[in-house]
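Subject: Structure for you to look through

Hello,

Here is the structure I said I would pass on. Please open it beside this message and follow along as you read.

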Amino acid sequence: MRHIVPKPIFKHVIFQETMSTLLKIGVNIPQRDGQEYPLFVALSGGADSVALLRVLLYIGFDCRAIHCNFHLRGADSLQDELFVKDLCNRLNVKLFHKDFDTLAYAREQQISVEMAARDLRYNYFLELVESEKIPYIAIGHHLGDNIETLIQHLAKGAGLTGLRSIPPQRDCFIRPLINCKESDLYDFLSLLKQSYCTDSTNTDTKIQRNFVRHEIVPQFARLNPSYEEAFKRTFENVRESLTLVNYALQRLTEEVTIDENKQIYDARKIASSPAPLSLLYTLFNSAGFSRKQLEVFTENLQKADPATLLSPTHRLERRGFKLFLSPIQKES
């Protein structure tokens, strides 16, 4: 079903920002690159996901929707599901739907309800990626979500990756609205006369993200009325800087590696590099070593006496100015 684009929609900032983000990610655009695959869209029924579906349809994508019912809000959860089914029916969009017992899963895994919902959602998404051969799943995160995430990361301590916040793409997950202001999303839906669902729990400031949204973010408007644009530029700067840092770290990794297969590294070269701790973390974080663990180890890299550092899965040893990484052999 082809959705004809009215001129006011085509000129709307949401349309332009979404097109710009998709092009930067490298997603093929229908009628421009001959896109031949359906684009799956996570559709909760909220304003952001509904706006995402509508704008992608106007761009010309053959969309499929994915809805998860976590059964956490009683009748409201069912109402959201019915709204999504009706919307997809009216827009002629195929819907994939799944129900979850989120509370039971949270108890079984001994995690928070929010984390349980996130795990269940993304596990289902990955199942669909495998079964439906999906190249991309579009998620409705917008600029406001990115700002809130950055503030949460700052409160906990973050490096460049944390300051980057939510990337436009991570593996098969893309976020076409990531540079769109929330106010522009509502304006876009108003222009379409499109309704959406409102989650009553979004006003509960006992939830950390809601506290950031309602209590902290508004303070930035007092400092700078254009704070959203300022954050947007910051994210772009951090992403570019992170690309440069990762490039430099890759080059340094090659220089300090003695034997890649046996995982042997030159401790003195690491110690004399511009950023020994960052280099160590790049080399060994995938083996389960935290940045905090590696801090003390970094200070003694040039010592000749042997030393050992353990992660849950690996052993890192310093012997004769060399570092040796090996998996820990579990006893039967």
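In which helix does K232 lie? K232 is part of helix 11, which covers residues 227-256. Please keep in mind throughout that this is a predicted model.

K232 counts as buried, because its relative accessibility is 11% and the cut-off for buried is under 20%. Which residues does K232 touch, once neighbours within four places in sequence are set aside? The contacts of K232 are then E17, L143 and N179.

One of those contacts, E17, is among the buried residues of helix 2. The others in that buried set are I14, F15, T18, M19, T21, L22 and I25. Helix 2 runs over residues 13-25, and its 13 residues reach 18 Å from the first C-alpha to the last. That is close to the 18 Å expected at 1.5 Å a residue. Just after helix 2 comes G26, with a positive phi of about 100°.

Next, helix 6 and its rings.

Helix 6 has 20 residues and spans 28 Å between its first and last C-alpha, close to the expected 28 Å. Its buried residues are A116, A117, L120, Y122, Y124, F125, L128 and V129. What do these buried residues pack against? Their partners are strand 1 (39-42), strand 2 (63-69), strand 3, helix 5, strand 4 (137-138) and strand 6 (173-174). K133, just after helix 6, takes a positive phi of about 55°.

The count of aromatic pairs in the model comes to 13. In one of them, the ring centres of F100 and Y124 are 6.2 Å apart and the planes meet at 70°; angles over 60 degrees count as edge-to-face, so this pair does. The two residues are 24 residues apart and link distant parts of the chain. F100 is in the loop between strand 3 (94-99) and helix 5 (102-109), while Y124 is in helix 6 (residues 113-132). Are these two residues buried or exposed? F100 is buried, with a relative accessible area of 9%, and Y124 is buried at 7% relative accessibility.

Y122 and F125 form another edge-to-face pair, at 5.6 Å centre to centre and with 75° between the planes. Y122 and F125 are separated by about one helical turn, because they are three residues apart in helix 6. In general, an α-helix has 3.6 residues a turn, so residues three or four places apart point the same way. Y122 counts as buried at 13% relative accessibility, and F125 counts as buried at 1%.

Elsewhere, F220, Y227, F231 and F235 form one aromatic cluster.

The last part to look at is a sheet.

In what order do the five strands of the open sheet run? The order is 7-8-11-10-9, with antiparallel pairing. Strand 7 (257-259) and strand 9 are the edge strands, each pairing on one side only. From one strand to the next, the twist averages 25°.

Strand 10 (residues 314-319) is a good place to follow the side chains, which alternate along it. H314, L316 and R318 point to one face and are buried, whereas R315, E317 and R319 point to the other and are not buried. Strand 9 (residues 307-310) and strand 10 are joined by four bridges, and a hairpin of three residues connects them. Across those two strands, L309 has L316 as its bridge partner.

On the other side, six bridges join strand 10 to strand 11 (residues 322-327). This hairpin has two residues between its strands, and G320 in the turn has a positive phi of about 55°. E317 has F324 as its bridge partner in strand 11, and R318 stands opposite L323. The charged end of R319 sits over the ring of F324, 4.0 Å from its centre. R268 likewise lies over the face of F321, at 4.1 Å from the ring centre.

Which helices lie across the strands of this sheet? Helix 11, the helix that holds K232, lies across strand 7 and strand 8 (264-266), at about 45° to strand 7. Helix 14 (residues 291-299) lies across strand 9, strand 10 and strand 11, running at about 175° to strand 9.

Regards

How values were computed: Residues are numbered from 1 along each chain as its sequence is written. This is a predicted model: local features need pLDDT of at least 70, side-chain atom pairs count only at pLDDT 80 or more; totals for chains, interfaces and linings use all residues. Side-chain values use heavy atoms; hydrogens and water are left out. Rings of Phe, Tyr and Trp (its six-membered ring) pair if their centres lie within 6.5 Å; planes under 30 degrees apart count as stacked, over 60 as edge-to-face and the rest as tilted. Buried means under 20% relative accessible area, exposed over 50%, partly exposed in between (1.4 Å probe, protein chains only). A charge sits over a ring if NZ of Lys or CZ of Arg is within 6 Å of the ring centre and within 35 degrees of the ring normal. The expected span of a helix is 1.5 Å times one less than its number of residues. Contact means heavy atoms within 4.5 Å. Two strands pair if DSSP finds at least two bridges between them. Axes are lines fitted to C-alpha atoms, for helices over the stretch in contact, and angles run from 0 to 180 degrees between N-to-C directions.
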